Amino acid sequence: MISWLLSEYNSSKLFLFIGLSAGKFDELDFYSHIQGILKEDIPNDPIIRMTDFTRQCVVMNDIRVLTCQTPKEKLIASGEIIKVWWLDSLWVLYWDFIPDMIENNVLLSDEKLRKILWVSSNQNQKNTEDNAIITFFKSKQNTLLGLEIAKTLFSRKKFIEADEIIRIILSREPKNIIARTLKISILWNKGVTSDTYSKSELYFKSLEKESEYIEEYCENKYEDHYCEYGLGVLGHATTTIRFIKKGSLSFDKEKIKFLNY
């Protein structure tokens with residue numbers, strides 16, 4: 001799917017939809033089901049759609065994806081009414097890297113990243129390179145592509161660049177729990193690698209705010225968020241102890257608030 005979005009064949013006039021239908025072929029009206037879920041008009045045109053039974057298989061096998069909360073009902077050609085589910089997003093941290101993203105020249109270059117992300121005039125220039133970020137800018141509603149870019153940058157410890165992509169995603173989808181969870185991962189990594197305690201403390205405080213936002217505004221909570229938050233708390237504790245041992249931080253109650261988590 002990501003490879004399609006980055007391919008030369010992708011355009012505003014050509015769309016890709018993926019329909020998933022599971023079950024015994026001798027008991028399944030396969031063609032009618034697939035046609036039904038592909039032709040259903042769904043807001044934001046989600047790429048991957050599935051039948052009700054397929055969604056049950058996804059949930060039972062704990063496949064790391066987020067589906068919509070409420071399906072749409074569709075009357076198909078056979079006269080049957082089916083439920084149409086679709087994927088909102090993937091927990092990208094658990095999926096393999098996309099080869100096209102790993103080999104992308106722009107994501108490998110600090111200079112090119114700086115120009116594209118923070119020098120606005122470059123976004124309008126004609127670019128003949130295989131440029132995942134420009135593709136994302138052209139269609140910012142494509143959250144999955146943005147998350148894959150952020151994950152790739154994060155894996156290369158380009159935390160500032162990854163955070164900028166996450167910022168763009170959250171500006172449109174503030175309740176996107178996957179983007180906010182990835183932001184928590186970025187923040188605690190920034191915190192544990194900071195050269196001063198004052199810097200790391202700022203990152204860990206921001207991490208707390210992100211977690212509070214998820215608790216208050218995101219309807220569905222997932223263990224993935226709590227796992228990353230737990231790593232952040234552990235990182236805060238170990239970082240504080242590290243600075244105390246170095247002698248750059250005094251041991252007092254104000255500096256060890258992490259003990260109250």
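1. Helix α8 (helices being DSSP runs of H or I of at least four residues, and strands runs of E of at least two, numbered from the N terminus) is largely enclosed by the rest of the structure, because 12 of its 13 residues are buried, where buried means under 20% relative accessible area, exposed over 50% and partly exposed in between, with a 1.4 Å probe and protein chains only. Among the buried residues are E148 and K151, alongside L144, L147 and F154.

2. This is a predicted model, in which local features need pLDDT of at least 70 and side-chain atom pairs count only at pLDDT 80 or more, while totals for chains, interfaces and linings use all residues. Residues are numbered from 1 along each chain as its sequence is written, and side-chain values use heavy atoms, with hydrogens and water left out.

3. The end C-alpha atoms of α8 are 18 Å apart, which agrees with the 18 Å that its 13 residues should span at 1.5 Å a residue, the expected span being 1.5 Å times one less than the number of residues. Just after α8, K157 takes a positive phi of about 60°.

4. D110 has its place in helix α6, residues 110-118, and counts as partly exposed because its relative accessibility is 48%. The side chain of D110 makes a polar contact with that of K158 at 2.3 Å, a polar contact being a pair of N or O atoms within 3.5 Å, of which, within protein, one must be able to donate a hydrogen and the other to accept it, and residues adjacent in sequence count only if both atoms are side-chain atoms. The C-alpha atoms of D110 and E161 are separated by 9.1 Å, although these residues are 51 apart along the chain.
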